[in-house]
Amino acid sequence: MNQTETPYYFHVGRASDLKGSDRALYRFLEMIPGLLAWITLLGTVVISYFTPTFAAFFIIAFDLYWLLKTMYLSIHLRENWRRTRYNMKLDWRKMVEPLKYDHIYHLVLLPFYDESLDLLDQSISSILNADYDPKKILMVLATEERAGEKAVRTAATLKEKYADHFGGFLITKHPKNIEGEMPGKGSNITYAAKEARKSLLDAKNIPYEDVIVSALDSDTSMYRSYFLCLTWHFLTAPDRYHVSYQPVPLYNNNIWQAPAFSRVVASSGTFWQMIQQERPEKLATFSSHSIPFKTLHEIGYWQKNMVSEDSRIFWNAFMFYDGKYRVVPLSYPVSMDANLAVSFWQTLKNIYKQQRRWAWGSENLPYILFNFIKNPRIKFTKKVRVMFVQLEGYWSLSTNPLLIFLLGWLPLILGGHRFNETVLSYNLPYITRDLMVLAMTGLILSAIIAISFLPPMPPEYRRRHKLFMVAQWIFVPFTIVVFGALPGLDAQTRLMIGKYMGFWVTPKHQGEKKA
Amino acid sequence: MHQPLSRRKRLFYLIVFILLFVILIPVVAFYSLGYRFTKNWQIERTGGIYVYSTDQGASIYLDGTLNRQTNFFVRGVFISDLTPRTYQIEVTRASSTSWKKTVTVLSEQVTEAYPFLLPLDPGLATVTPTVVDSSGATVTNSQYTGLVALFKLPNNSPVKTLATSTAATTSPEALAIPRQNIKIWKQNNTIFAEWMGQSQDSPFYFCKNVGMASTTCESTITVYQAPYIGTVDFYPGRNDVVLFSTKDGIYATELDNRPPQNIDPLILGSNIDFREVSGDQLFIKNSAGIYQVNL
């Protein structure tokens with residue numbers, strides 16, 4: 001299949017992009033994540049009322065499942081922690097040198113809206129300081145017309161400072177109000193990548209096969225060996241053009257300035273990505289990621305009509321190549337900003353909104369299922385496996401923390417007098433508590449891993465700040481519900497009722513440096 | 001070069017955890033139902049006792065052995081892993097009456113007990129006919145006036161405030177005193193209690209053979225009989241303990257009629273009557289005057 005042969009539904013963003021029975025089918029598929037979540041939650045209420053004994057056994061079984069799942073995932077986390085630390089110490093130049101890599105170019109897309117000059121300067125500076133020939137790096141600053149003149153001036157200032165250092169430096173201005181586009185990162189970087197193709201690759205006669213595109217968030221800081229690590233993986237990956245490359249997203253740029261809730265939520269996101277890096281068949285691209293330009297061009301770039309373009313690009317490729325597409329985990333980090341706003345409450349609001357935007361990734365589920373129905377060339381077993389992984393993932397996100405931390409008491413509240421006189425009802429809270437305490441001991445590992453990735457403590461901070469970095473993990477039962485399940489349920493419910501979300505740009509604020 | 005966990009290794013972990021789940025789930029389920037190993041490695045279906053004392057500092061004895069003490073945080077004590085049989089519970093507290101009960105523990109069931117402990121020497125504060133106001137003038141005590149009027153009324157008057165009103169005389173049951181789905185009344189020197197909620201939610205003292213398939217519940221039970229019963233009301237803050245006056249004092253007893261039914265004197269003396277105001281303030285009247293009781 002080539003780009004001109006993609007089916008009419010290949011870049012569908014939502015049900016209304018389709019017609020007739022396709023639209024009805026897609027709309028139903030959009031409702032599935034929300035329906036599953038609400039059936040589970042309301043079902044727990046109903047069975048707690050009518051059959052409290054069954055509900056109590058279900059909750060105990062679920063708690064045990066959750067404990068074992070936590071332990072199982074912890075093994076993956078610990079393994080990836082070792083691997084990532086190993087990779088961070090590895091001499092990647094030595095790894096790459098035996099390979100022929102001089103012809104490999106890195107096209108770096110840095111989209112921004114109204115972010116500060118300082119923040120972008122920090123990101124570009126980290127790219128320039130990375131251990132890779134800067135003349136083989138093609139830098140694209142992707143601005144938005146709707147961001148106004150300020151963004152243009154910011155880009156111009158950065159171009160003046162950095163243009164001579166890179167092999168190419170391009171500023172693109174994504175026009176506003178294009179029919180069929182949703183304002184957001186996807187439409188911006190697609191426009192930027194297409195412009196870069198003409199102005200940089202074609203102009204310099206660079207073969208698409210030799211270019212790896214890194215689509216970064218504007219606050220992404222590169223660790224020194226990122227491009228070498230990426231290049232090595234690209235050159236050694238079997239079937240390299242059917243592969244995306246995913247780093248581990250750390251949120252270290254402002255970790256010392258961010259409040260505890262923000263740190264815990266950010267680190268939890270990192271840990272989830274680390275776990276997935278050990279299960280590459282379950283891994284999709286997320287946030288800052290890399291993809292061969294040849295592949296990107298073939299599949300028609302990022303979707304411009306939806307929010308979760310970072311993960312959708314993987315699913316686009318997966319469908320385009322009939323399921324023969326995968327993500328190679330780099331187990332090498334990039335660093336971004338943890339949520340931090342000018343006030344504590346604003347930070348909490350921003351965390352919630354960001355988590356909801358990420359949870360909006362459930363919009364991929366109808367896309368996946370619809371393509372599975374339409375595409376007979378993908379193996380049935382692969383379809384079943386992917387479908388199960390995706391359904392379980394979105395269902396777990398929005399229901400598990402609520403079942404564990406809130407709904408476990410329901411049989412006691414709704415079960416009635418007779419149930420409350422049974423040993424089972426008295427034991428339920430104790431058993432739930434004990435299983436949760438056991439599960440929470442895994443937080444010790446979380447604290448150790450989070451501390452191991454911390455950048456040096458700023459000199460103006462005191463030792464107690466380091467203690468807070470350990471103590472913060474007691475907030476997990478709170479953050480997993482308020483900044484995990486609730487935004488997840490919020491997003492899935494919106495998708496279920498057709499109240500579609502738009503792209504929300506996370507405000508970037510790196511905090512005041514202490515005097 | 002570190003590689004990701006191999007599929008084989010991950011499959012191994014997955015199988016181990018699935019096996020653990022399959023093995024542990026019946027173990028945890030049976031444990032939660034109360035199944036325990038005896039010393040002889042026999043499996044026994046145990047039961048439990050739940051004792052809730054409204055008082056902190058109460059010592060709970062099971063068959064004469066101290067089991068637990070209540071404190072500021074813990075008033076309810078769950079005694080688990082009990083072999084099904086009959087147990088003696090005693091609850092004591094310094095300067096209070098003690099409370100005893102014989103309860104039967106059934107497998108997979110929790111037997112509840114709600115002891116009441118009366119102060120051995122309840123404080124009495126005199127309510128005087130007059131008080132000195134902020135300007136130093138002696139004025140009539142409106143509380144006293146209200147209480148005098150209240151004591152003239154039968155105790156089952158529908159509005160239990162210090163405002164005076166007259167209640168029409170009707171059947172004793174119609175003049176019963178309700179509290180949280182239970183109402184009590186006296187008739188022919190007998191105290192009755194009626195459960196007004198859903199029958200499936202009946203408290204255990206309205207039922208026979210609790211925890212068995214043959215459980216039967218009645219809506220009305222006889223609480224206590226005596227040669228003479230004067231005023232009847234709930235004990236302040238409780239709907240399972242009844243206060244009643246006799247010719248020689250004021251007593252408290254419980255709706256829980258499992259043996260022994262605890263009946264303890266609150267205040268002894270002849271010609272004593274009492275009234276409860278707003279469900280939590282207790283006043284007594286004797287020939288010397290009116291007093292507020294500090295419980």
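Buried here means under 20% relative accessible area, exposed means over 50%, and partly exposed is what falls in between (1.4 Å probe, protein chains only). Helices (H or I, at least four residues) and strands (E, at least two) are DSSP runs, numbered from the N terminus. This is a predicted model, where local features need pLDDT of at least 70 and side-chain atom pairs count only at pLDDT 80 or more, while totals for chains, interfaces and linings use all residues. Residues are numbered from 1 along each chain as its sequence is written, chains are lettered from A and ligands numbered from 1 in the order in which they are written, and side-chain values use heavy atoms, with hydrogens and water left out.

**Helix α10 of chain A**

Let's start inside chain A. For α10(A), 12 of the 12 residues are buried, so the helix is largely enclosed by the rest of the structure. Charged residues are on that buried list too, including Glu309(A), Asp310(A) and Arg312(A), along with Phe314(A), Trp315(A) and Phe318(A). The helix covers residues 309-320, and its end C-alpha atoms sit 16 Å apart, which agrees with the 16 Å expected at 1.5 Å a residue; that expected span is 1.5 Å times one less than the number of residues. Just past the helix, Asp322(A) has a positive phi of about 55°.

**Where chains A and B meet**

The size of an interface is often given as the accessible area lost when the parts come together. On that count (1.4 Å probe, summed over both parts), chain B and chain A bury about 3300 Å² between them, with 68% of it on carbon and sulfur atoms. Taking contact as heavy atoms within 4.5 Å, chain B puts in 39 residues and chain A 38.

Polar contacts are pairs of N or O atoms within 3.5 Å; within protein, one must be able to donate a hydrogen and the other to accept it, and residues adjacent in sequence count only if both atoms are side-chain atoms. Across this interface, 7 residue pairs qualify, both residues being at pLDDT 80 or more. On chain B's side, α1 (7-33), β3 (47-52) and β9 (110-113) each supply at least two residues. The largest share, 14 residues, comes from α1(B). That side of chain B splits into 22 nonpolar, 11 polar and 6 charged residues.

**Salt bridges**

A salt bridge is a side-chain nitrogen of Lys or Arg within 4 Å of a carboxyl oxygen of Asp or Glu. The rule gives 34 of them over all chains, and 2 between chain B and chain A. Here are four pairs.

| Pair | N to O distance |
|---|---|
| Arg10(B) and Glu281(A) | 2.4 Å |
| Glu281(A) and Arg7(B) | 3.8 Å |
| Lys208(B) and Glu218(B) | 3.6 Å |
| Lys304(A) and Glu181(A) | 4.0 Å |

Glu281(A) lies in the loop between α8 (260-277) and β7 (289-292) of chain A, and Arg7(B) in helix α1 of chain B, so that pair joins two chains. Glu281(A) is partly exposed at 25% relative accessible area, whereas Arg7(B) counts as exposed at 57%. A salt-bridge network links Glu281(A), Lys282(A), Arg7(B) and Arg10(B).

Back in chain A, the Lys304(A) and Glu181(A) pair links distant parts of the chain, 123 residues apart: Lys304(A) is in the loop between α9 (293-299) and α10, Glu181(A) in the loop between β3 (168-174) and α6 (185-202). Lys304(A) is partly exposed at 29%, and Glu181(A) is partly exposed at 21%.

Conventions
Buried area = accessible area lost by both parts, 1.4 Å probe. Nonpolar A, V, L, I, M, F, W, Y, C, P; charged D, E, K, R; others polar.
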